[in-house]
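Grab a pencil and work through a few exercises on a protein structure. Try each task on your own before you read its solution.

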Amino acid sequence: MRVLVINNQGGGFADYLDVPDDTTVARLFTQQCPDKAPEDYLIRVNRQPAPRDQRLVAGDRISFTPTKIEGPLRDRSD
Amino acid sequence: MPASNLNRTWLRFASRIERALSAPMTTTTTTTCAPPVEQWRQLQRQFAQLQWVGQRGWPTATSSVQLAISRTIEALQASLLDCQRTIATMPNRSRVSRQREIFADLQALCDEFPSVTLDLHRGELTVETHSIVLEEIDLGPFAIVLTLAPSKPTLTYAVFARQPHPPTVTTRRLIRMFVTTRFAKAKGDHPSTQRSPKGLFDFFVLVRQILETYNPASAFVRLSDWQGVSCTECGQFDRAEELTYCHECETDLCYDCAIACEECGRDGCSRCQRSCHDCQRDLCEACIGTCPACAERICSECLEDHSSNCSEKNDAQTPPAAQATSDLVATPHAPV
């Protein structure tokens, strides 16, 4: 099935992915953000917070947003 | 405002955003995705020429036309590849479906944030965050304002403190902080605002996450200093206006603890300021001198008198026999 994955980490992406039918939120997170801790991210399905074991359905929109994001660098010209 | 009117307003805003986001794509699509018809016609003409020169048995002309055909085919291949790339990057969803997603984003914002307001006339979408609390310091709510410029299809954003809670201190070190705040407000080119019709909801969440992130290593004012700066002598927190600093070691001082140099007037702390051995005046390191004989710190005014009466100097000039006697007598200038 096809889902939309939005990775809001720096240099992340937004793309449609084909995933197996029984894919859960936790499994998709592990695949997309290896070596990252789920507790450091806001994980949402269709813009709503989602539990780890929620099964995805076709057309779902999943986003991973870090809980801590540093802002832009200082403008040295100032 | 009734819900139906509100929805209609939001749909109009979603439509404007969608138009702004897709306008450059449409232009690109129409200009670069035209199939290479002219090159194809040229190739057909060249094949006709090849047939014509072949029938006449002209070998030189035949090889020349063959070379031209080869070049035209290469150009045609390149144009076709460009077309293929352009088609691959074209949005594969209808405008209606993109508008629907933006509208869903707007609705989701209402569930996520305490206040979402839309000014269609000014093209501003304002989302207010909860009170941002960092390291137990309440910085108050912030407004994230996304503006769709009426004249050009660009989205910019700014962040404003709704109930500003600036640091108590405004010392010399804070000058750059305000510069940076202005920069942060003026810049709208953070990667999170890059063109992505999918990301309106995520954009506001991202900005909120940035606001909720504190990095003491890059802070212009550390939160530990937010409530004021403590005097390094007495430890009392004070406002900047009531603070000075030591010109030697640059530590913060309250005016009660600061010791002003009686020569130049510069403040100093108790560790850096000196006092004249003879007159006891407080002086800074730059204004005090040293007696070459006894190494005592002496001010310039006392130095002449001190030099003539310095016990170390007199002792050095005393004969050894007399010095042995004088060792038994406590002199008034003997160091304590």
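The exercises below go through this predicted model, each with a worked solution.

**Exercise 1. Lay out chain A.**
Find how many helices and strands chain A has, and say in what order they run from the N terminus.

*Solution.*
- Step 1: Count the elements. Chain A has 1 helix and 5 strands.
- Step 2: Walk along the chain from the N terminus. You should read off β-β-α-β-β-β.
- Step 3: Look at burial and surface. Of the 78 residues in chain A, 37% are buried. The chain exposes about 4500 Å², and carbon and sulfur atoms supply 48% of that.
- Step 4: Check the contacts. Take those in chain A with a separation of 6 or more: 52% of them are between residues 24 or more positions apart.

**Exercise 2. Order the sheet.**
Work out the order of the strands in the open sheet of chain A, and decide which strands stand at its edges.

*Solution.*
- Step 1: Go across the sheet strand by strand. In chain A the order is β2-β1-β5-β3-β4, with mixed pairing.
- Step 2: Pick out the edges. β2 (14–18) and β4 (48–49) of chain A each have a single partner strand, so one side of each has no neighbour in the sheet.
- Step 3: Zoom in on one pairing. β3(A) and β4(A) are antiparallel and share 2 bridges. Here A:R44 stands opposite A:P49 in β4(A).
- A reminder on how this works: strands of a sheet pair through backbone hydrogen bonds, either parallel or antiparallel.

**Exercise 3. Follow strand β5 of chain A to chain B.**
Decide whether A:T65 and A:R61 are buried or exposed, and find which residues of chain B A:T65 touches.

*Solution.*
- Step 1: Place the residues. A:T65 lies in β5 (residues 61–66) of chain A, and A:R61 belongs to β5 of chain A too.
- Step 2: Use the cut-off: buried means under 20% relative accessible area. A:T65 has 1%, so it is buried. A:R61 has 4%, so it counts as buried too.
- Step 3: List the contacts of A:T65, skipping neighbours within four places in sequence. In chain A, they include A:N8, A:D40, A:Y41 and A:L42. In chain B, they include B:D202, B:V205, B:L206 and B:Q209.
- Step 4: Look at the side chain of A:R61. It makes a polar contact with the side chain of B:D202, at 2.8 Å.

**Exercise 4. Check a helix.**
Compare the expected span of helix α6 (residues 200–211) of chain B with the distance between its end C-alpha atoms, then ask how many of its residues are buried.

*Solution.*
- Step 1: The helix has 12 residues, and at 1.5 Å a residue it should span 16 Å. Remember to multiply by one less than the number of residues.
- Step 2: The end C-alpha atoms are 17 Å apart, which agrees.
- Step 3: Now for burial. 12 of the 12 residues of α6(B) are buried, so the helix is largely enclosed by the rest of the structure. Among them are B:D202, B:R208 and B:Q209.

**Exercise 5. Hunt for aromatic pairs.**
Find how many aromatic pairs the whole structure has, then describe the one formed by A:F29 and A:Y41.

*Solution.*
- Step 1: Searching over all chains gives 5 aromatic pairs.
- Step 2: A:F29 and A:Y41 are 5.2 Å apart centre to centre, with 65° between the planes, and the pair is edge-to-face.
- Step 3: A:F29 is in helix α1 (residues 25–32) and A:Y41 in strand β3 (residues 41–45) of chain A, so the pair ties together parts 12 residues apart in sequence.
- Step 4: Check burial. A:F29 is buried at 2% relative accessible area, and A:Y41 is buried at 9%.
- Step 5: Add the third ring. A:F29, A:Y41 and A:F64 form one aromatic cluster.

**Exercise 6. Read a hairpin.**
In chain B, work out which side chains of strand β1 (residues 115–119) are buried, and how β1(B) joins β2(B).

*Solution.*
- Step 1: Recall that in a regular strand the side chains alternate between the two faces of the sheet.
- Step 2: Apply that here. B:V116 and B:L118 point to one face and are buried, while B:S115, B:T117 and B:D119 point to the other and are not.
- Step 3: β1(B) runs antiparallel to β2 (residues 124–128) of chain B, with 5 bridges joining them. B:T117 stands opposite B:T126.
- Step 4: The two strands form a hairpin with 4 residues between them, and B:G123 in the turn has a positive phi of about 70°.

How values were computed: Residues are numbered from 1 along each chain as its sequence is written. Chains are lettered from A and ligands numbered from 1 in the order in which they are written. This is a predicted model: local features need pLDDT of at least 70, side-chain atom pairs count only at pLDDT 80 or more; totals for chains, interfaces and linings use all residues. Side-chain values use heavy atoms; hydrogens and water are left out. Buried means under 20% relative accessible area, exposed over 50%, partly exposed in between (1.4 Å probe, protein chains only). Contact means heavy atoms within 4.5 Å. Accessible areas come from the Shrake-Rupley method with a 1.4 Å probe; for residues, only the protein chains shown count as cover. Two strands pair if DSSP finds at least two bridges between them. A polar contact is a pair of N or O atoms within 3.5 Å; within protein, one must be able to donate a hydrogen and the other to accept it, and residues adjacent in sequence count only if both atoms are side-chain atoms. Rings of Phe, Tyr and Trp (its six-membered ring) pair if their centres lie within 6.5 Å; planes under 30 degrees apart count as stacked, over 60 as edge-to-face and the rest as tilted.
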